[in-house]
Structures are given as C-alpha cells and as structure tokens.
Amino acid sequence: MTEEQALNGDAALSLLYQSGNPFTEDLQHSWSENAFPPFNVPFLRIWDRKSGSQPDNERRMRSRAPRQPLDTRESRKNSLVIHINHGLWEPTPYISFTTSAAAIEEQAYWRAGRQRGSQTLTVVDPNTRIADRLPILDVLAEMNHYGIEDPYGKSNQYYIDHYVCLWEVPEQEIIGHWEWNDLAPNANWYNDIILPAFRENATSRRLEEETSGLLAAMNQLSCAFLLRILHRTLAD
C-alpha cells in the first residue's frame with residue numbers, strides 16, 4: 001500500500017488488524033468498529049501555517065504518520081502518549097478534533113497571542129466517517145483504557161470532548177473551512193454558522209441516500225416488470 005492511495009474501510013482494517021495473529025489488539029479492544037451513536041454536532045479543528053494535517057492538494061487532511069499500523073497494544077498506547085503531549089514532536093497517525101466551541105475559542109486566543117498568523121476552522125461530519133467505516137476515537141476514553149496519565153496534570157481537562165480521526169480525513173467528510181477572522185466577530189458564530197452548515201450537510205447526505213435507495217428500488221421494479229413481459233411473450 002502506498003501513502004498516495006486513498007484511505008477506505010478495508011485499508012483502515014488492514015492497519016488495525018494483523019490477520020492470523022491471535023494477539024492482534026483489535027480482537028481485545030476494537031478500534032475498527034465505531035461504537036458511537038450518530039453525532040448531533042460536528043468535529044472542529046482550528047489550524048494555522050505551523051499546524052500539521054492541513055488540507056492538501058487532494059482536499060484531504062493527513063496525519064503526520066498517515067499509514068502507521070496500530071495492530072498492537074504497544075503501538076496504540078505509545079502513539080497516544082506522544083500525540084496528547086504537544087511537547088513531543090514525533091509523528092503520530094492521529095488528527096485531533098473537538099466538539100467544543102469553547103475549546104476552539106481558547107485555542108484561537110492562544111495562537112493569536114503567539115503571533116501565528118491567520119487561522120482556519122475546518123468542520124468535519126463524523127457521521128460521514130462512520131458510514132465510510134473509518135475509525136474515530138474518544139481520546140479520554142482511550143486514555144482511561146490504556147492507563148495514560150495527563151501529561152499536563154490538569155485532571156484530563158484538555159481531553160474532554162477531544163476526538164481523533166485515524167490516518168486521514170478525506171474530502172467527503174469535510175463540511176467546509178472558515179477563516180477565524182470572519183467568524184470571531186460574531187459571538188454566536190457556532191450556532192449561527194457552523195451548526196446550520198452541519199445540519200444542512202447531514203440533510204443533504206440523507207436525501208442523497210434516500211434518493212439512491214429509491215432509484216435502486218425503481219430499477220429493481222423495472223427489471224422485474226420487463227422480465228414478466230418477456231416471460232409472457234415467450235409463453236405465448
């Protein structure tokens with residue numbers, strides 16, 4: 001598998017599950033099956049020129065280790081330990097998001113104070129990702145499962161509402177990108193702009209799926225009708 005190939009559910013499974021290995025971690029603690037109910041809010045990520053996982057020429061966001069296998073307990077725990085500590089600059093296969101608008105505002109304020117230039121908010125539909133069989137992790141839940149301590153000693157407050165997408169986020173999951181300077185003047189930016197975009201995207205996807213299902217049903221009926229006519233013709 002080359003890094004240029006698009007990530008899909010089968011490719012993700014191959015990176016999580018080593019066939020024939022009875023000690024494959026996914027058999028003990030699955031990351032290949034999303035155990036989440038449908039999300040009623042989007043995933044949010046704010047980034048600037050110094051950030052990793054910026055959208056590339058193919059309009060996808062890629063982690064710093066876009067095809068790192070995660071089929072053992074050690075690979076999962078060690079990579080999570082690195083990812084949650086911003087003082088460690090080793091590549092990991094995760095892209096961080098939050099569902100908290102307040103967390104985004106805090107990050108934007110922190111970045112502005114360090115003169116990191118213009119910032120962009122990217123909004124992702126996690127339900128599209130689940131439908132495409134691509135993994136999502138609740139960071140705090142995984143920290144608890146693997147016994148990972150908060151590197152900042154803040155009682156895990158940085159990891160509440162913190163999710164990661166594994167390896168990459170393809171174009172179809174991205175709802176849109178907004179310049180933070182355009183959003184920030186509106187104190188109600190999340191409810192006025194981001195949530196409606198998420199709901200419109202979810203509605204559009206549902207309508208597309210329903211339309212596809214209807215067309216498939218109509219095609220089946222058409223085929224059945226033609227077969228009946230052909231049968232009658234042959235019988236006559």
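**Exercise 1.** In this predicted model, find the helix in which Glu 142 lies, and state whether Glu 142 is buried or exposed.

*Solution.*
Step 1. Helix H6, covering residues 139-146, holds Glu 142.
Step 2. Glu 142 is buried.

**Exercise 2.** Which side chain of opposite charge is nearest to Glu 142, and which residues does Glu 142 contact beyond its neighbours within four places in sequence?

*Solution.*
Step 1. The nearest side chain of opposite charge belongs to Arg 76, at 6.3 Å.
Step 2. A salt bridge needs a side-chain nitrogen of Lys or Arg within 4 Å of a carboxyl oxygen of Asp or Glu. Glu 142 has no salt bridge.
Step 3. With neighbours within four places in sequence set aside, the contacts of Glu 142 are His 29, Trp 31, Leu 80 and Leu 137.

**Exercise 3.** Why does Ile 130 count as partly exposed?

*Solution.*
Step 1. Locate the residue: Ile 130 is in helix H5, residues 126-131.
Step 2. Buried means under 20% relative accessible area and exposed means over 50%, with partly exposed in between.
Step 3. Ile 130 counts as partly exposed because its relative accessibility is 24%.

**Exercise 4.** What distance separates the C-alpha atoms of Ile 130 and Phe 39?

*Solution.*
Step 1. Along the chain, Ile 130 and Phe 39 are 91 residues apart.
Step 2. Their C-alpha atoms are separated by 9.8 Å.
Step 3. Phe 39 is one of the contacts of Ile 130 outside its neighbours within four places in sequence; Asn 34, Phe 36 and Ile 136 are also in that list.

**Exercise 5.** What percentage of the residues of the protein chain count as buried?

*Solution.*
Of its 236 residues, 41% count as buried.

Methods: Residues are numbered from 1 along each chain as its sequence is written. This is a predicted model: local features need pLDDT of at least 70, side-chain atom pairs count only at pLDDT 80 or more; totals for chains, interfaces and linings use all residues. Side-chain values use heavy atoms; hydrogens and water are left out. Buried means under 20% relative accessible area, exposed over 50%, partly exposed in between (1.4 Å probe, protein chains only). Helices (H or I, at least four residues) and strands (E, at least two) are DSSP runs, numbered from the N terminus. Lys and Arg count as positive and Asp and Glu as negative; His and the chain ends are not counted. Contact means heavy atoms within 4.5 Å.
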